[in-house]
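Trainee: Hi, could we go through this one together?
Mentor: Happy to, let's pull it up.
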Amino acid sequence: MSQASKSISSLLKQWQRERPDIDSRPMAVCGQVWRTADRLRKQVAQNHAKYDMDSARSDVLFTLRRQGSGRYLSPSELAAEMMLSTSAMTNRLDRLEQKGLIKRLADPNDRRGLKIALTDKGFALADEMVETHVKVEAYMLKNLTQSEQQALISLLVKIA
């Protein structure tokens, strides 16, 4: 039994003893999800740091990269893809533009609009980063079979 399993088991026993009138299993499930998420985030952040990037800016690069070569998004489309407010995008875009990873282009269909595209440098960096990103995540999931990974996805999406 892992240390995490022991501590969760201990937590459940303590609450059963102290409050037998409540079902403390939701605390155990949520606690384990949070612990796991923290470990995953830490490993992914270490990978991003190798590229002098953080999660926020990496998300922008990955979102633009998965659109395909030569494709672009408006700032509002980009924010919607990333489930963010448009105001949260400005700083990210400024920093990525300063690094030469994105470019802001005039929207040919709207004189007031902008389109955001990866530069060649940004495209290459996104390609390199996504490879190492997936390797880190695969390493973290190495103890799960493919079917267990799929079952976990199916279970986690049910959480409201």
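Mentor: Helices (H or I, at least four residues) and strands (E, at least two) are DSSP runs, numbered from the N terminus. This is a predicted model, where local features need pLDDT of at least 70, side-chain atom pairs count only at pLDDT 80 or more, and totals for chains, interfaces and linings use all residues. Residues are numbered from 1 along each chain as its sequence is written, and side-chain values use heavy atoms, leaving out hydrogens and water.

Trainee: Cool. What follows α5?
Mentor: G100 does, and its phi is positive, near 75°.

Trainee: And which residues of α5 are buried?
Mentor: M89, R92, L93 and L96, where buried means under 20% relative accessible area, exposed over 50% and partly exposed in between (1.4 Å probe, protein chains only). They span an arc of only 95° around the axis, so they sit on the same side of α5; the arc is that of the directions from the helix axis to the C-beta atoms.

Trainee: What covers them?
Mentor: The cover includes α3, α4 (75-82), β1 (102-107) and β2 (110-118). Contact here means heavy atoms within 4.5 Å.

Trainee: Which residues of α3 meet α5?
Mentor: A56, R57, V60 and L61 do, against M89, R92, L93, R95 and L96 in α5.

Trainee: Switching topic: is K115 buried or exposed?
Mentor: K115 counts as buried, because its relative accessibility is 12%. The residue lies in strand β2.

Trainee: What is K115 in contact with, neighbours within four places in sequence aside?
Mentor: Y72, L73, S74, E77, K103, R104, L105 and D107.
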